[in-house]
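User: Could you go through this structure with me? I'd like to talk about empty space, aromatic contacts and cysteines, in that order.
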Amino acid sequence: MGPQVILPRGACLVPPPAAPTNAHCSSCPPPPQVDKEVLCQGLSLLQVPSGLPRDIEALNLSGNQLRSILASPLGFYTAIRHLDLSTNEISFLQPGVFQALPHLEHINLAHNRLAVGTALSTGGLGPLPHVLSLDLSGNSLYSGLVERLLGEAPALRSLSLAENSLTRLARHTFGGTPALERLDLHSNVLMDIEDGAFDALPRLAHLNLSRNSLTCISDFSLQQLRVLDLSCNSIEAFQTAPEPRAEYQLTWLDLRENKLLHFPDLAALPRLTFLNVSNNLIRLPAGPPPGGEGLHAPSEGWSALPLLNPSRNASAHPLSQLLNLDLSYNEIELIPQGFLEHLTSLRFLNLSRNCLRAFEAQRAGSLPCLVLLDVSHNALEMLELGARALGSLRTLLLQDNALRDLPPYTFAGLVSLQRLNLQGNRVSPCGGPGEPGPPGCVAFSGISSLRILNLVDNEMEMLRAGAFLHTPLTELDLSANPGLDVAIGALAGLEASLEVLALQGNGLAVLQVDLPCFSCLKRLNLAENRLSRLPAWTQAVSLEVLDLRNNSFSLLPGSAMGGLETSLRRLYLQGNPLSCCGNGWLASQLHQGRVDVDATQDLICRFGSQEEVSLSHVRPEDCEKGGLKTVNLIIILTFTLVAAILLTTLATCCCVRRQKFNQQFKA
């Protein structure tokens with residue numbers, strides 16, 4: 001089908017004939033060709049329109065008020081392949097209505113009223129010999145009605161029964177759809193799936209059973225299935241059949257938001273590449289069960305742990321082809337020794353929001369393909385990473401743990417690390433190479449691959465000189481470390497690479513960082529400190545966003561800010577005691593609109609001790625008047641002071657003369 005074009009309300013879009021003669025469009029330009037597709041959606045139609053071209057191949061009648069589908073006039077359009085009847089009020093289907101359309105391949109009946117009308121009592125949909133896809137979602141269908149609605153559909157490949165009221169799947173439910181490849185049953189109330197319910201579907205590859213009420217998957221035996229979504233149920237256990245007839249083809253398994261107590265039995269699923277078991281109640285066992293060889297203890301969660309038979313090569317281990325493993329939001333307190341050892345293909349591992357106190361990957365070559373590791377929001381106190389482990393790791397998320405006193409070179413061996421988040425820990429950076437640091441400090445210098453570092457809220461007291469030498473960071477966040485002392489040279493080595501710097505909420509009164517030297521800096525956050533002065537940007541730089549909220553700035557002189565005029569796009573200044581006069585540069589930016597200054601509300605300034613006014617309302621003459629008043633006051637004060645001095649001197653002289661006269665008179 002070609003591009004879709006929508007006409008004004010009340011008219012269906014039809015393809016123009018070779019020589020336009022349609023009176024309906026005689027007063028307007030002919031619509032573009034849409035390859036025999038007619039769009040009549042959302043026109044409040046009560047019946048299928050007549051008079052459409054007989055050779056149309058696609059008809060969209062969605063979003064109308066159709067209640068019944070009759071063979072006339074629909075049967076006139078015998079070339080139809082795509083028929084969209086979704087979001088109507090259809091409760092009656094005339095028997096044989098779809099059989100009159102010999103080329104029909106795609107039917108959309110979603111969100112109608114098929115279960116409450118006479119559609120079922122009249123033989124349902126009837127035989128659908130050539131239909132490839134059928135959407136019956138959102139029709140309030142319940143168990144027993146689906147079989148009556150579905151006829152023989154030997155060519156059907158895709159069927160949606162989502163958002164209905166099914167509670168059970170029987171053995172014969174899908175008996176008339178042997179070619180089915182995709183089946184969507186999400187958002188029903190399924191509690192029971194009868195043995196053999198999918199046996200009639202040898203080609204089924206995608207099955208969606210999410211958002212139902214299933215409690216257990218036992219003897220799973222759909223070897224041909226490639227994608228299985230079981231998320232958002234109440235599943236407590238997942239087990240494969242003990243003796244499958246053939247090798248399982250499953251590559252994608254979603255078990256998130258269930259009630260699993262143990263890691264699922266996946267030993268028979270060697271092709272699995274995606275596994276999501278987040279939001280369950282999983283606890284991994286501390287050690288193998290008695291007897292040691294135990295692939296026979298699924299109740300203890302050991303049946304799929306990829307460590308039990310070291311004699312096998314790596315490719316033969318369960319989960320050896322796994323690329324993505326999500327174990328977040330569980331109750332895992334520890335990772336059993338060897339659990340991760342044979343996940344040689346794993347690229348993404350999420351262990352966040354568990355109860356872990358330690359994580360280690362020390363063996364050389366451990367997790368060689370891992371690109372992202374998320375261990376955030378745990379209770380980590382120990383982190384041990386081997387020098388030759390995690391060779392491909394680019395992102396390491398460790399925020400909101402209890403890490404402190406780590407080995408100095410914990411991260412130095414991660415040769416591919418680009419992003420490191422340590423927010424909400426108690427990590428203290430060491431100084432530059434060779435510089436002595438306090439016990440328990442961590443070296444962040446010399447990590448040539450690291451680009452993004454987050455050290456927010458780590459209770460850091462001191463950032464030492466050379467802390468990031470030879471580590472070409474582009475983003476550095478040191479916010480929320482109250483009382484932080486940033487030593488001179490602490491950011492040395494970042495002048496040519498740093499693009500984002502945040503020092504918010506550190507209580508800084510003086511900034512000992514030569515900011516104009518950071519030629520690539522684009523975003524600078526200095527909010528919530530006690531700063532009153534900035535270094536002078538006298539040459540053009542790259543800074544685009546500057547956040548100075550809640551500091552002690554009264555003036556931003558043009559001599560200090562002039563170098564920002566060509567690059568600065570946004571400036572935040574709320575919460576500063578700005579002076580109404582002397583801020584000519586700032587007033588110029590406001591009036592000329594070159595910089596977006598606190599777009600949320602007007603900036604407030606003060607005339608001396610007078611009440612606050614909006615800076616945008618201040619006129620130059622207001623400051624001139626204030627200046628004249630000040631000069632006059634100074635003149636008056638000066639005159640008064642001089643007069644007082646003269647009077648005092650005169651009085652002193654008179655007193656001295658009187659004393660001399662009295663002495664002479666007595667003599």
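User: What volume does the largest cavity have?
Analyst: Bearing in mind that this is a predicted model, the largest cavity has a volume of about 30 Å³, and the count comes to 1 cavity of 30 Å³ or more.

User: Which residues line the largest cavity?
Analyst: The lining is made up of Leu515, Phe518, Leu521, Trp537, Val541 and Leu543, and by class that gives 6 nonpolar residues, with no polar and no charged ones.

User: OK, on to pockets. What is the volume of the largest pocket, and which residues lie nearest its centre?
Analyst: The largest pocket has a volume of about 530 Å³. Its lining has 22 residues, and Ile193, Glu194, Asp195, Ser218 and Asp219 are the ones that lie nearest the centre.

User: Which strands supply at least two residues of that lining?
Analyst: Strand S11 (192–193) and strand S13 (216–220) each do so, and the largest share, 5 residues, comes from S13. By class, the lining of the largest pocket divides into 13 nonpolar, 4 polar and 5 charged residues.

User: And the second largest pocket, what lines that one?
Analyst: The second largest pocket, with a volume of about 450 Å³, is lined by 18 residues, of which Ile335, Pro336, Gln337, Gly338 and Glu360 lie nearest its centre. Strand S20 (residues 358–361) gives the largest share of this lining, 4 residues, and the classes come out as 9 nonpolar, 4 polar and 5 charged.

User: Switching to aromatics: how many pairs are there in the whole structure?
Analyst: The search finds 6 aromatic pairs. One of them is Phe263 with Phe339, where the ring centres are 5.6 Å apart and the planes stand at 85 degrees, so the pair is edge-to-face.

User: Where in the chain do those two sit?
Analyst: The pair links distant parts of the chain, 76 residues apart, with Phe263 in the loop between strand S16 (252–254) and strand S17 (274–276) and Phe339 in the loop between strand S18 (324–326) and strand S19 (348–350). Both Phe263 and Phe339 are buried.

User: What about Phe411 and Phe444, why does that pair count as stacked?
Analyst: The planes of Phe411 and Phe444 are at 15 degrees, with the ring centres 6.1 Å apart, so the pair is stacked. Phe411 lies in the loop between strand S23 (395–397) and strand S24 (419–421), while Phe444 lies in the loop between S24 and strand S25 (452–454), 33 residues apart. Both Phe411 and Phe444 are buried.

User: Which residues form an aromatic cluster?
Analyst: Phe220, Phe238 and Tyr248 form one aromatic cluster. As for a charge over a ring, the charged end of Arg549 sits over the ring of Tyr572, 5.1 Å from its centre.

User: Last topic, then: how many disulfides?
Analyst: The count comes to 2 disulfides. Cys430 and Cys441 form one, with their sulfur atoms 1.9 Å apart, and the torsion about that S-S bond is about 95 degrees, so the disulfide is right-handed. Cys430 and Cys441 are both buried.

User: And which cysteine does Cys580 join?
Analyst: Cys580 is joined to Cys605, with an S to S distance of 2.1 Å. The torsion about the S-S bond of Cys580 and Cys605 is about 95 degrees, so this disulfide is right-handed. The pair links distant parts of the chain, with Cys580 in the loop between strand S33 (578–579) and helix H4 (584–592) and Cys605 in strand S35 (residues 604–606), 25 residues apart.

Terms used:
Residues numbered from 1 in each chain as written. Predicted model: local features only at pLDDT ≥ 70, side-chain atom pairs only at ≥ 80, totals over all residues. Heavy atoms only, no water. 1 Å grid on protein atoms, 1.4 Å probe; cavity = no way out; pocket = protein on both sides within 12 Å on 5 of 7 lines; lining within 4 Å. Points joined across faces, edges and corners; volume = space filled by probe spheres on them. Nonpolar A, V, L, I, M, F, W, Y, C, P; charged D, E, K, R; others polar. Phe/Tyr/Trp six-rings, centres within 6.5 Å; stacked < 30°, edge-to-face > 60°. Buried < 20%, exposed > 50% of the residue type's maximum accessible area, 1.4 Å probe, protein only. Lys NZ or Arg CZ within 6 Å of the ring centre and 35° of its normal. Disulfide = S-S within 2.5 Å.
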